Amino acid sequence: MEIEKVEGSSNYYLLHLCTQAGTYIKEFVHGDLGRTNPSIGSMLRCRAEILQLDVTDVKMDLLQ
């Protein structure tokens, strides 16, 4: 996991995650109304939301 602040903003960050297939990214970030713990929001004690979700890479390890 890596986080970087969006330049010129005090409230926006880019979160880079490397996960397995099937990981619930949205729940990990905002906690699904408290049903998913821990979440980014619960760890930072704030309301965390996803404004944009992009897949930047896919690794196909099963062929090796």
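Is Ile 3 buried or exposed? Ile 3 has a relative accessibility of 54% and therefore counts as exposed, given that buried means under 20% relative accessible area, exposed over 50%, and partly exposed in between (1.4 Å probe, protein chains only). The model is a predicted one, in which local features need pLDDT of at least 70, side-chain atom pairs count only at pLDDT 80 or more, and totals for chains, interfaces and linings use all residues. Residues are numbered from 1 along each chain as its sequence is written, and side-chain values use heavy atoms, with hydrogens and water left out.

Ile 3 sits in strand S1, which spans residues 2-5. Strands (E, at least two residues) and helices (H or I, at least four) are DSSP runs, numbered from the N terminus. Together with Met 1, Tyr 13, Leu 15 and Leu 17, Ile 3 makes a nonpolar surface patch of about 510 Å². A patch here consists of residues with over 30% relative accessible area and no salt bridge, where like charges are joined within 9 Å and nonpolar side chains (Val, Leu, Ile, Met, Phe, Trp, Tyr) within 5 Å. The areas come from the Shrake-Rupley method with a 1.4 Å probe, and for residues only the protein chains shown count as cover.

The UniProt record, an unreviewed entry, carries the annotation "domain: Pus10-like C-terminal" for residues 6-58. Positions from UniProt are given in the numbering used here, feature names are shortened, and annotations may be inferred rather than shown by experiment. Across residues 6-58, helix accounts for 21% and strand for 8%, and the end C-alpha atoms are 24 Å apart.

Attention now turns to the pockets. The largest pocket has a volume of about 1500 Å³. On a 1 Å grid over the protein atoms alone, a pocket is an open set of points where a 1.4 Å probe fits, with protein on both sides within 12 Å along at least five of seven lines, and lining residues have an atom within 4 Å of a point. Grid points are joined across faces, edges and corners, and the volume is the space filled by probe spheres set on the points. The lining of the largest pocket counts 34 residues, and Leu 15, His 16, Leu 17, Ile 25 and Leu 53 lie nearest its centre. Which element gives the largest share of this lining? Strand S2 does, with four residues. At least two lining residues each come from S2 (13-16), H1 and H2. Leu 15 and Leu 17 thus appear both in the nonpolar patch and among the residues nearest the pocket centre.

The backbone offers a few details worth a look. Where is the cis peptide bond? The bond from Asn 37 to Pro 38 is cis, with omega near 5°. Pro 38 belongs to the loop between helix H1 (25-30) and helix H2 (40-44). That loop between H1 and H2 also holds Asp 32, a residue that is not a glycine yet has a positive phi of about 50°. Arg 45, in the segment after H2, likewise is not a glycine and has a positive phi of about 55°. With 79% relative accessibility, Arg 45 counts as exposed.

How many salt bridges does the structure hold? There are three, a salt bridge being a side-chain nitrogen of Lys or Arg within 4 Å of a carboxyl oxygen of Asp or Glu. One of them joins Arg 35 to Asp 32, at 3.2 Å from N to O. Arg 35 is exposed because its relative accessibility is 62%, whereas Asp 32, at 21%, counts as partly exposed. Another pairs Glu 49 with Arg 47 at 3.4 Å, N to O. Here Arg 47 is exposed, having a relative accessible area of 73%, and Glu 49 is partly exposed, with 46%. Asp 57 and Lys 59 also meet in a salt bridge, with 3.1 Å from N to O, and Lys 59 counts as exposed at 59% relative accessibility.

Cys 18 links several of these regions by distance. Cys 18 lies in the loop between S2 and H1 and is exposed, with a relative accessible area of 72%. Thr 56, in the segment after H2, counts as exposed at 77% relative accessibility. The C-alpha atoms of Thr 56 and Cys 18 are separated by 9.9 Å, although the two are 38 residues apart along the chain. For Cys 18 and Pro 38, 20 residues apart in sequence, the C-alpha to C-alpha distance is 17 Å.
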